[in-house]
Amino acid sequence: MKKICLMALLAMASAVNAEEIESIDDSDLSDWAVEKLAPMHNALSGWVTDSSRSIDGFFGSEESLQVGNDSYLRLRQDVGWTEEDGFEAKTGARFRLDLPTSKKRLRFIIESDPEESEGTLAEQGSHRLSDDRRGLGSTIMGFTKLGKNDKSEAWNLQAGAGVKVRWPPDPYVRFTGERLWDLASPWQLESYNRASWFNEEGYSIRSKWDLGRPLDHNHHLRFITNFQWQEEVDTLEYSESVEINQLLGKRSVMRYAATVVGRSASDPRLHDYYLYSHYRRNLHREILFVDLIPELHFPREHDYDPQFGVTLRLEMLFTRDLSFRRR
């Protein structure tokens, strides 16, 4: 029954492709909805972009009015259901204030769900992390010093520090390194690595290696390897994923993936594996998006019996920088 449910959701998402002979319009919203949304979005987007450029101009140079600025505010609302936990809802926010022309090239961030609070690799994939470890208690606020290198030419290194928004404040320090290599055409290898320290949770280290290539104009193949160690868990975790990303049209994409999660270097064992698809649709002019993510998990803690879950996400992006939206 669970496999039938998963296949039904996959078929439903794929059916969107058949119906999606792309129209020339760039919105799925009705006129009255656009009239309600546009004034609020324009005002908040203007505040985000204008504030960042003004602050950047104060600490940097007059070029702040011309250079690209990656400041944005992103709001998310997730509604999920799993056989184990039932229904749950989660609200997330991320605010990034970019100061690209300042001498130290700083970035100010407010983030409600930093990757350090996302739990184990199995929990990250299944979206089952309990609410008591997320929400306001895991919101961080801090600065990041941007690297100067293009990651396709050399390692791009960044350092950041700040606090968790709680009492007493929980300080943190981060170091991040990114690199992109062009291998034998058309393969590319991308590496993302981060070491973090939080006063309460302690140290954590994570590394992601993403090997991929286009299959054709609409399909892209990826092999993703993750390693993670957290002082609270005190064991090495690793995962291997195979993904096929499909471009359905100008405003929709689909991902099909299979992932295996393991633990321990001295006594490696399979901890979890799961199948999922991820459908994403640009509902309105690259500012409003919807995601549908059905999953089928086989966790070791349940003797690998299949566990079904599905997540529906609504996301809104506030920014005036069109180049950022299209990345």
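## Exercises: a small lining and three strands

R74, L75, R76, G92, A93, R94 and D113 line the second largest cavity of this predicted model. Let's start there.

**Exercise 1.** Work out which strands supply at least two residues each to the lining of the second largest cavity, and how the lining residues divide into nonpolar, polar and charged.

*Solution.*
- Step 1: Place the cavity. The whole structure holds two cavities of 30 Å³ or more, and the second largest has a volume of about 40 Å³.
- Step 2: Compare the lining with the strand ranges. Strand β1 spans 72-82 and β2 spans 86-99, and each gives at least two residues to the lining. R74, L75 and R76 have numbers that fall in the β1 range, while G92, A93 and R94 fall in that of β2.
- Step 3: Sort by class. Four lining residues are charged, two are nonpolar and one is polar. Gly counts as polar here, so G92 goes into that class.

**Exercise 2.** Find how β5, β6 and β7 are joined, and in which direction the paired strands run.

*Solution.*
- Step 1: Take β5 (residues 156-164) and β6 (residues 170-182). They run antiparallel and are joined by nine bridges. A hairpin of five residues links the two.
- Step 2: Pick out one pair in this ladder: Q158 has T176 in β6 as its bridge partner.
- Step 3: Move on to β7 (residues 188-198). Eleven bridges join β7 to β6, again antiparallel, and five residues lie between these strands in their hairpin.
- Step 4: Check a pair here too: A195 in β7 stands opposite F175.

Terms used. Residues are numbered from 1 along each chain as its sequence is written. This is a predicted model: local features need pLDDT of at least 70, side-chain atom pairs count only at pLDDT 80 or more; totals for chains, interfaces and linings use all residues. Side-chain values use heavy atoms; hydrogens and water are left out. Two strands pair if DSSP finds at least two bridges between them. Helices (H or I, at least four residues) and strands (E, at least two) are DSSP runs, numbered from the N terminus. On a 1 Å grid over the protein atoms alone, a cavity is a set of points where a 1.4 Å probe fits but cannot get out, and a pocket is an open set with protein on both sides within 12 Å along at least five of seven lines; lining residues have an atom within 4 Å of a point. Grid points are joined across faces, edges and corners, and a volume is the space filled by probe spheres set on the points.
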